[in-house]
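Please open the model in your viewer and keep the sequence panel beside it, since each stop on this tour begins with a selection to make.

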Amino acid sequence: MFYYTGIPIITYVTAAACVFNYIRMTQLMKQYSPNDSAVQCGAVFGPYIVENGQYWRLITGGFVHFSIFHLLMNVYVLVSLGGTMEAAFGHILFFILLYGSVLMGNAFSVYMHSDYSISGGMSSGMYGLIAAQLAMILILYGPQAILSSGSLLTVILLNLLMNFLPGVAWKSHLGGACVGVLFITLLYRFAFHL
């Protein structure tokens with residue numbers, strides 16, 4: 001379950017799906033508005049989820065990115081962090097962590113929001129991965145391991161500050177992070193009886 005020697009297939013397939021969906025969305029924008037194109041590509045849109053029961057958008061919204069920078073940033077974090085975490089947990093547990101974070105992050109975004117804006121991106125999944133990694137470090141090495149690492153503190157600070165930028169779905173990031181912490185807590189609790 002924890003040992004893995006193959007290709008991080010979930011990581012690569014997810015990254016490829018994000019890229020292909022972005023290309024599809026840019027093609028649709030030749031005919032439709034950016035918002036309509038994003039919704040057609042599976043973006044999170046509260047009224048469609050709450051009123052029409054399109055709950056699948058809580059997952060497909062993770063594959064919708066609104067700029068090349070948004071896409072590249074999420075794919076970079078996914079490939080660099082996801083590959084090692086998939087190797088550590090194996091395909092199934094990594095899939096649960098990544099897509100559970102996306103699902104819960106988008107649910108937080110929809111059900112804690114009142115304006116029903118269109119949103120998307122794999123960042124809730126990335127926050128789940130980052131939070132899971134931080135939780136592992138805390139469990140295994142204690143808080144001093146985080147506090148003594150300048151690069152790790154910088155990553156944490158930058159990610160926290162990013163949530164104050166306009167248009168950033170901090171509720172989605174919060175939901176993903178909650179899943180990451182819960183995942184590691186339960187995993188260590190049941191796997192190692194800590």
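What follows is a tour of a predicted model, taken one selection after another.

**Helix H5**

Begin by selecting residues 68–89, which make up helix H5, and colour Val77, whose place is in this helix. Val77 is partly exposed, because its relative accessible area is 22%, and the cut-off for a buried residue is under 20%. If you display what surrounds Val77 and leave aside neighbours within four places in sequence, you will find it in contact with Gly82 and Met126. For a sense of scale, draw a distance from the C-alpha of Val77 to that of Phe108: the two residues are 31 apart in sequence and 21 Å apart in space.

Now stay with the helix as a whole and look along its axis, where a kink of about 35° is centred on Gly82, the residue that you have just met as a contact of Val77. How far apart are the end C-alpha atoms of H5? They are 30 Å apart, which agrees with the 32 Å that its 22 residues should span at 1.5 Å a residue. Next, pick out the buried residues of H5, which include His70, Leu71, Asn74, Val75 and Leu78, together with Leu81, Gly82 and Gly83, and, further along, Met85, Glu86 and Phe89. Just after the helix, select Gly90, which takes a positive phi of about 85°.

**The nonpolar core and helix H7**

Keep Met85 and Phe89 selected and add Leu98, Leu129 and Ile184, for these are the residues with the most contacts inside the largest nonpolar core, which has 31 residues. The elements that give two or more residues to this core are helix H1 (9–28), H5, helix H6 (91–111), helix H7 (123–141) and helix H10 (170–192). The largest share, eight residues, comes from H7. As a general background to this stop, nonpolar side chains tend to be buried together in soluble globular proteins.

Centre the view on Met85 and show its contacts: beyond its neighbours within four places in sequence, Met85 is in contact with Phe94, Leu97, Leu129, Ala132, Gln133 and Met136. Apart from the largest core lies another core, of six residues, and you can mark its place by selecting Leu28, Cys41, Ala43 and Val64, which are among them.

Turn then to H7 itself, which has 19 residues and reaches 26 Å from its first C-alpha to its last, close to the 27 Å expected at 1.5 Å a residue. Of the 19 residues of H7, 14 are buried, so the helix is largely enclosed by the rest of the structure. Just after H7, select Gly142, which takes a positive phi of about 85°.

**Aromatic pairs**

A search of the whole structure finds four aromatic pairs. Select Phe45 and Tyr48 to see a pair whose ring centres are 5.0 Å apart and whose planes stand at 80°, so that it is edge-to-face. Within this pair, Phe45 is buried, with a relative accessible area of 19%, whereas Tyr48, at 31%, counts as partly exposed. Phe89 and Phe183 are also edge-to-face, because their ring centres are 5.5 Å apart and their planes lie at 80°. Since Phe89 lies in helix H5 and Phe183 in helix H10, this pair ties together parts that are 94 residues apart in sequence. Phe89 and Phe183 are both buried. Before leaving the rings, select Phe63, Phe95 and Tyr99, which form one aromatic cluster.

**Cysteines and Asn21**

How many disulfides does a search of the whole structure find? It finds zero. Select Cys18, which is in no disulfide, and draw the distance from its sulfur to the nearest cysteine sulfur, that of Cys41, which is 12 Å away. That separation is too far for a bond, because a disulfide requires sulfur atoms within 2.5 Å. Cys18 is buried, with a relative accessible area of 1%, and Cys41 is buried as well, at 6%.

For the last stop, select Asn21, whose place is in helix H1. Is Asn21 buried or exposed? Asn21 is buried, with a relative accessible area of 11%. Not counting residues up to four places away in sequence, Asn21 touches Cys41, Phe63 and Val64, and so brings you back to Phe63, a member of the aromatic cluster with Phe95 and Tyr99.

How values were computed. Residues are numbered from 1 along each chain as its sequence is written. This is a predicted model: local features need pLDDT of at least 70, side-chain atom pairs count only at pLDDT 80 or more; totals for chains, interfaces and linings use all residues. Side-chain values use heavy atoms; hydrogens and water are left out. Helices (H or I, at least four residues) and strands (E, at least two) are DSSP runs, numbered from the N terminus. Buried means under 20% relative accessible area, exposed over 50%, partly exposed in between (1.4 Å probe, protein chains only). Contact means heavy atoms within 4.5 Å. The expected span of a helix is 1.5 Å times one less than its number of residues. The bend at a residue is the angle between axes fitted to the seven residues ending there and the seven starting there. A nonpolar core is a set of buried Ala, Val, Leu, Ile, Met, Phe, Trp, Tyr and Cys residues joined through side-chain atoms within 4.5 Å. Rings of Phe, Tyr and Trp (its six-membered ring) pair if their centres lie within 6.5 Å; planes under 30 degrees apart count as stacked, over 60 as edge-to-face and the rest as tilted.
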